[in-house]
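Here are some short exercises on charged side chains and how they pair. Please keep the model open as you work through them.

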Amino acid sequence: MAKNSFNKVKAGDLELKEKVVAINRVTKTTKGGRTFSFSALVVVGNENGVVGHGLGKAKEVQQAITKGIDDAKKNLIKVPVMHGTIPHDQLAKEGAAKVLIKPAAHGTGVIAGGSMRAVLESAGVTDVLAKSLGSANPHNVVKATFKALGLLREPISVSKTRGVALKKVFNG
């Protein structure tokens, strides 16, 4: 399956805020006893249309979070945010997790589950209705939300591709 080419962004000099979505303790049993390690799923964003996610693994929690942040800075995308919401409905699937995001009126707030909320708030979306269908696994939900945000198209680009006026895009 071909990878989608989203609107990739370089971390450069962006003011990114990080949110830890999930921390998982992994135990490996060896002949010497148990070895613990941690994996951290982290979302970073500038709350102005740029968001990324990453996974860090290490022997200690803090190191795992730091590695996750570094990984997230390498996976940044640009999200079209219009008046605090998204331009249109979008459905995306990753593994068994299916995600539906819909634009909402001003003042609605972010109505979404835990992992989706972290991604949407980091992207700078203030009003949105979102539903996680299928799996509740935070890794797949974050990836599905990321995919849905990457598939969003700005109305200006849609009007150019279709060759119609911008008002026609909104009003049909």
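The exercises below go through salt bridges in this predicted model.

**Exercise 1.** Find what joins lysine 17 and glutamate 47, and work out which parts the pair ties together.

*Solution.* Start with the side chains: lysine 17 and glutamate 47 meet in a salt bridge, at 3.4 Å from N to O. Next, place the residues: lysine 17 lies in strand S2, while glutamate 47 sits in the loop between strand S3 and strand S4, so the pair ties together parts 30 residues apart in sequence. Finally, check the surroundings: lysine 17 is exposed, with a relative accessible area of 51%, and glutamate 47 is partly exposed at 37%.

**Exercise 2.** Decide whether lysine 147 counts as buried or exposed, then place the salt bridge of this residue with glutamate 94.

*Solution.* Lysine 147 has 17% relative accessibility. Buried means under 20%, so lysine 147 counts as buried. Glutamate 94 is partly exposed, at 23%. In their salt bridge the closest N and O atoms are 3.3 Å apart. Glutamate 94 belongs to strand S6 and lysine 147 to helix H3, so the bridge ties together parts 53 residues apart in sequence.

**Exercise 3.** Where do arginine 117 and glutamate 121 lie, and which residues are linked with them in a network?

*Solution.* Both residues lie in helix H2, four residues apart, about one turn of the helix. Their side chains meet in a salt bridge of 3.4 Å, N to O. Arginine 117 is partly exposed at 31% relative accessibility, and glutamate 121 is partly exposed at 28%. Now widen the view: Lys19 is linked with Arg117 and Glu121 in a network of salt bridges.

Key: Residues are numbered from 1 along each chain as its sequence is written. This is a predicted model: local features need pLDDT of at least 70, side-chain atom pairs count only at pLDDT 80 or more; totals for chains, interfaces and linings use all residues. Side-chain values use heavy atoms; hydrogens and water are left out. A salt bridge is a side-chain nitrogen of Lys or Arg within 4 Å of a carboxyl oxygen of Asp or Glu. Helices (H or I, at least four residues) and strands (E, at least two) are DSSP runs, numbered from the N terminus. Buried means under 20% relative accessible area, exposed over 50%, partly exposed in between (1.4 Å probe, protein chains only).
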